Amino acid sequence: MSLYQRSRDFILHRFLSKTRHGVHSPFVYSLIDQCIYSTKPTTPASITAYFNQLKRDQRLIKGMDYGQRKETSVPIATYAKRSAMPQFQVALMHRLVHYLKPASILELGTNLGKSLAAMASANPNSRAEGVEGNAALTDIANNALRECQLRNAHVSCAAFDSFFAANTSTFDFIFLDGDHHYEPTMRYFNRIKTMLNPGGVIVLHDLYYSAGMKRAWSEIKKDRSVTITVDLFFFGLVWMGKNQAKEHFSIRFPASLFRVFF
Ligand SMILES: C[S@@+](CC[C@H](N)C(=O)[O-])C[C@H]1O[C@@H](n2cnc3c(N)ncnc32)[C@H](O)[C@@H]1O
């Protein structure tokens with residue numbers, strides 16, 4: 001999708017979305033007030049510093065690049081700048097785990113481990129599992145978790161489909177952050193919704209990344225088992241089977257545009 005189209009979607013979303021005012025659901029109001037628009041807790045400075053120094057690391061990562069769907073040889077620094085999440089989004093992942101307190105977290109698409117580290121550090125009592133298809137990235141991510149002393153998190157090297165075929169666990173919090181296109185997103189969503197514990201949440205990254213991703217998001221909202229969705233442009237939060245009528249919320253995030261750039 002062109003930068004023009006993405007910017008247009010972003011501006012449109014900011015005009016059409018709401019803040020916490022005008023949200024009548026107590027559950028969603030509290031989520032916005034105490035988590036999405038909160039500034040605390042912050043990601044530990046040691047984790048931010050660790051991933052910032054990877055932006056200067058010129059060691060090469062070889063093997064399958066699932067984003068480009070081909071074998072590549074790319075410096076760690078490029079992944080740290082291009083694929084890892086911007087800080088305002090990492091900070092929200094940290095707050096979401098702190099607020100929702102999931103006992104078990106699954107991340108599909110771990111890359112260098114930045115968002116997994118942010119989530120694992122938010123609740124030391126949770127067990128966080130990452131899945132990454134590239135073996136070299138998996139090693140770097142596991143090393144990052146060790147360096148950040150996050151003993152409650154681990155990354156496995158597997159293609160998502162192979163992971164699904166072998167997995168028997170269920171999770172309270174599932175974050176899907178790989179292959180932002182229609183067909184794989186729908187296939188993964190239909191699989192991960194069967195792996196979600198009651199009351200759990202699915203978080204999708206980059207809802208407006210491509211036309212296919214936008215189409216997938218619109219279909220996910222219509223899914224019979226989905227009740228509450230929160231569209232934050234950069235993230236989509238999905239709850240199922242809560243004792244509540246189906247309701248979709250489009251919420252302005254971040255509250256201040258300043259945070260997108262700084
Ligand atoms: C955008 S990056 C994830 C960034 C990471 N969540 C963060 O912000 O720190 C997406 C990752 O998903 C992995 N990926 C994409 N499709 C995959 C698949 N089908 N199986 C395994 N890994 C996949 C890619 O190798 C890439 O490292």
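Angles under 35 degrees between helix axes count as roughly parallel, and angles of 65 to 115 degrees as roughly perpendicular; those over 145 are roughly antiparallel and the rest oblique. The exercises below apply this to a predicted model.

**Exercise 1.** Determine how helix α9 is oriented relative to helix α10, and describe their contact.

Solution.
- Step 1. Helix α9 covers residues 182-192 and helix α10 covers residues 211-222. Their axes lie 8 Å apart, at an angle of about 30°.
- Step 2. Angles under 35 degrees count as roughly parallel, and α9 and α10 are therefore roughly parallel to each other.
- Step 3. The crossing in which α9 passes α10 is right-handed.
- Step 4. On the α9 side, the contact is made by Tyr182, Thr185, Met186 and Phe189. Their partners in α10 are Gly212, Met213, Arg215, Ala216, Glu219 and Ile220.
- Step 5. By class, the residues of this contact of α9 with α10 are 6 nonpolar, 2 polar and 2 charged.

**Exercise 2.** Carry out the analysis for helices α2 and α5.

Solution.
- Step 1. Helix α2 (residues 26-36) packs against helix α5 (residues 87-100) at about 120°, and the axes are 10 Å apart.
- Step 2. That angle makes α2 oblique to α5.
- Step 3. α2 passes α5 in a crossing that is right-handed.
- Step 4. Gln34, Cys35 and Ile36 of α2 meet four partners named here: Leu92, Arg95, Leu96 and Tyr99 of α5.
- Step 5. The contact of α2 with α5 consists of 5 nonpolar residues, 1 polar and 1 charged.

**Exercise 3.** Decide whether Glu71 is buried or exposed, and place Glu71 in its surroundings.

Solution.
- Step 1. Glu71 belongs to strand β2, which spans residues 70-75.
- Step 2. A residue counts as exposed if 12 or fewer other C-beta atoms lie within 10 Å of its own. Glu71 has 9 within that distance, so Glu71 is exposed.
- Step 3. Leaving aside residues up to four places away in sequence, Glu71 touches Gly63 and Met64.
- Step 4. Asn134 is 63 residues from Glu71 along the chain, and the C-alpha atoms of the two are separated by 9.8 Å.

**Exercise 4.** State how many residues surround the ligand, which are closest, and how the shell divides by class.

Solution.
- Step 1. The ligand is surrounded by 20 residues.
- Step 2. The closest are Tyr66, Met85, Gly109, Gly133 and Gly178.
- Step 3. Sorted by class, the shell around the ligand has 7 nonpolar, 9 polar and 4 charged residues. Gly counts among the polar residues in this division.

Key: Residues are numbered from 1 along each chain as its sequence is written. This is a predicted model: local features need pLDDT of at least 70, side-chain atom pairs count only at pLDDT 80 or more; totals for chains, interfaces and linings use all residues. Helices (H or I, at least four residues) and strands (E, at least two) are DSSP runs, numbered from the N terminus. A residue is buried if 20 or more other C-beta atoms lie within 10 Å of its own, exposed if 12 or fewer, and partly exposed in between; C-beta atoms are placed from the backbone. Two residues are in contact if their C-beta atoms, placed from the backbone, lie within 7 Å. Axes are lines fitted to C-alpha atoms, for helices over the stretch in contact, and angles run from 0 to 180 degrees between N-to-C directions. A crossing is left-handed if the near helix is turned anticlockwise from the far one by less than a right angle, and right-handed if clockwise. A residue is near a molecule or strand if its C-beta atom, placed from the backbone, lies within 6 Å of it.
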